[in-house]
Amino acid sequence: MIDGALRARVESALGQGVVNAARLSGGDINDAFELTLTDRQSVFLKTNAQAPLTMFAAEARGLEFLEQASALRIPKVIAASAESERPGFLLLEFIRPARPRRSFDDELGRGLAALHRAGASSFGFSQPNFIGRLPQTNRPHATWAEFYRAERLEPQLRSAIDGGRAPTSLARDFEGLFRLLPELVGESEPVARLHGDLWSGNLHVDEHGAPCLIDPAAYGGHREIDLAMMELFGGFGPRVFAAYAEAFPLTPGHAERVPLCQLYPLLVHVNLFGGGYLESVRRVLRAYC
Ligand code: ADP
């Protein structure tokens with residue numbers, strides 16, 4: 001069961017009682033539960049006493065941003081805790097996973113293309129959010145190269161060096177990449193609506209066997225970011241990428257940009273886990289500079 005004070009706040013947000021809380025596995029950082037309510041309906045609860053107070057409200061905004069694209073199934077937000085109250089929580093529509101249906105990969109590829117095509121008003125997002133437990137700034141920029149440098153690579157690089165997880169010399173290595181960045185990013189493309197943290201753990205299956213995306217770090221960005229992250233950590237079949245490319249063909253030079261797009265999740269992993277990820281970052285830099 002969940003703690004009494006949290007339960008009271010959740011019940012007040014839902015307007016009814018919680019009769020059971022069953023812990024769910026599979027989450028990265030938070031505690032997740034299936035709550036059964038007095039009307040016997042289920043809702044999904046995510047909570048974390050240590051999480052920054054803005055984390056769940058930011059996730060709720062991200063889920064809504066993705067849902068507004070009407071491209072892929074996204075859990076509906078029921079409530080997010082006020083930013084002044086601890087522990088933070090997020091209540092979502094409960095989506096009971098079924099087995100993936102035969103068209104799952106095709107639907108995911110096409111749906112992701114439609115999500116990306118839904119676009120955004122700028123490279124950026126209405127507020128800062130989080131990737132895993134790490135803060136992610138989203139100030140708007142006119143070009144993808146500026147955004148990727150200032151809001152993605154530089155903050156993670158700074159955090160890795162300041163936290164002693166990378167040597168100061170890494171900043172010099174990145175300077176070379178930053179000079180080349182406007183060319184390396186390729187032709188300009190319309191802003192894409194991104195999930196932003198698309199590893200296979202954030203792919204859910206809905207009750208009909210259709211794909212559903214959870215736990216986003218959403219923003220307006222370059223569509224190759226989502227695709228490169230899917231390739232980096234695996235778990236997505238070739239049909240997903242083929243269906244995507246049929247629905248939204250990739251632009252020339254796409255394959256050469258994959259490692260560039262993977263630099264961000266790799267730096268995030270240096271900051272989360274350290275170890276071998278630093279060498280992967282260096283390998284990518286050597287490939288471009
Ligand atoms: P974390 O933020 O800790 O990574 P997730 O958002 O990934 O947590 O959720 C943890 C697990 O809960 C997921 O792996 C998934 O199995 C399940 N889950 C997430 N959202 C829902 C939902 N709306 N309905 C049912 N189960 C969900």
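Where in the chain is Arg40 found? Arg40 belongs to the loop that links β2 (31-37) and β3 (42-48). Its phi is near 75°, a positive value in a residue other than glycine. Please keep in mind that this is a predicted model.

A second backbone feature is worth a look. Pro87 is found in the loop between β4 (77-80) and β5 (88-93), and the peptide bond leading to Pro87 from Arg86 is cis, with omega near -5°. For context, most residues other than glycine have a negative phi, and most peptide bonds are trans.

Now to the ligand. The space that the ligand takes up is the largest pocket. Around the ligand there are 16 residues, and Asp28, Asn30, Lys46, Glu93 and Ile95 come nearest. By class, this shell has six nonpolar, six polar and four charged residues. Both domains take part: at least three shell residues come from domain 1 (4-93), and at least three from domain 2 (104-288).

Three polar contacts of the ligand can be set side by side:

| Ligand atom | Protein partner | Distance |
|---|---|---|
| oxygen | Lys46, side-chain N or O atom | 2.7 Å |
| nitrogen | Ile95, polar backbone atom | 2.9 Å |
| oxygen | Asp215, side-chain N or O atom | 3.0 Å |

On its own, the ligand has 550 Å² of accessible area, and the protein covers 91% of this.

If you have the structure open, Lys46 and Ile95 make a good starting point. Both are among the residues that come nearest to the ligand. The side chain of Lys46 meets a ligand oxygen atom at 2.7 Å, while Ile95 uses a polar backbone atom, 2.9 Å from a ligand nitrogen atom.

Definitions and conventions. Residues numbered from 1 in each chain as written. Predicted model: local features only at pLDDT ≥ 70, side-chain atom pairs only at ≥ 80, totals over all residues. Heavy atoms only, no water. Near = heavy atom within 4 Å. Polar contact = N/O pair within 3.5 Å; in protein donor to acceptor, adjacent residues only side chain to side chain. Areas by Shrake-Rupley, 256 points an atom, 1.4 Å probe, with all protein chains shown as cover. 1 Å grid on protein atoms, 1.4 Å probe; cavity = no way out; pocket = protein on both sides within 12 Å on 5 of 7 lines; lining within 4 Å. Sits in = over half its atoms within 2 Å of the grid points. Nonpolar A, V, L, I, M, F, W, Y, C, P; charged D, E, K, R; others polar. Domains from an automatic or database assignment. Helix = DSSP H or I, 4+ residues; strand = E, 2+ residues; numbered from the N terminus.
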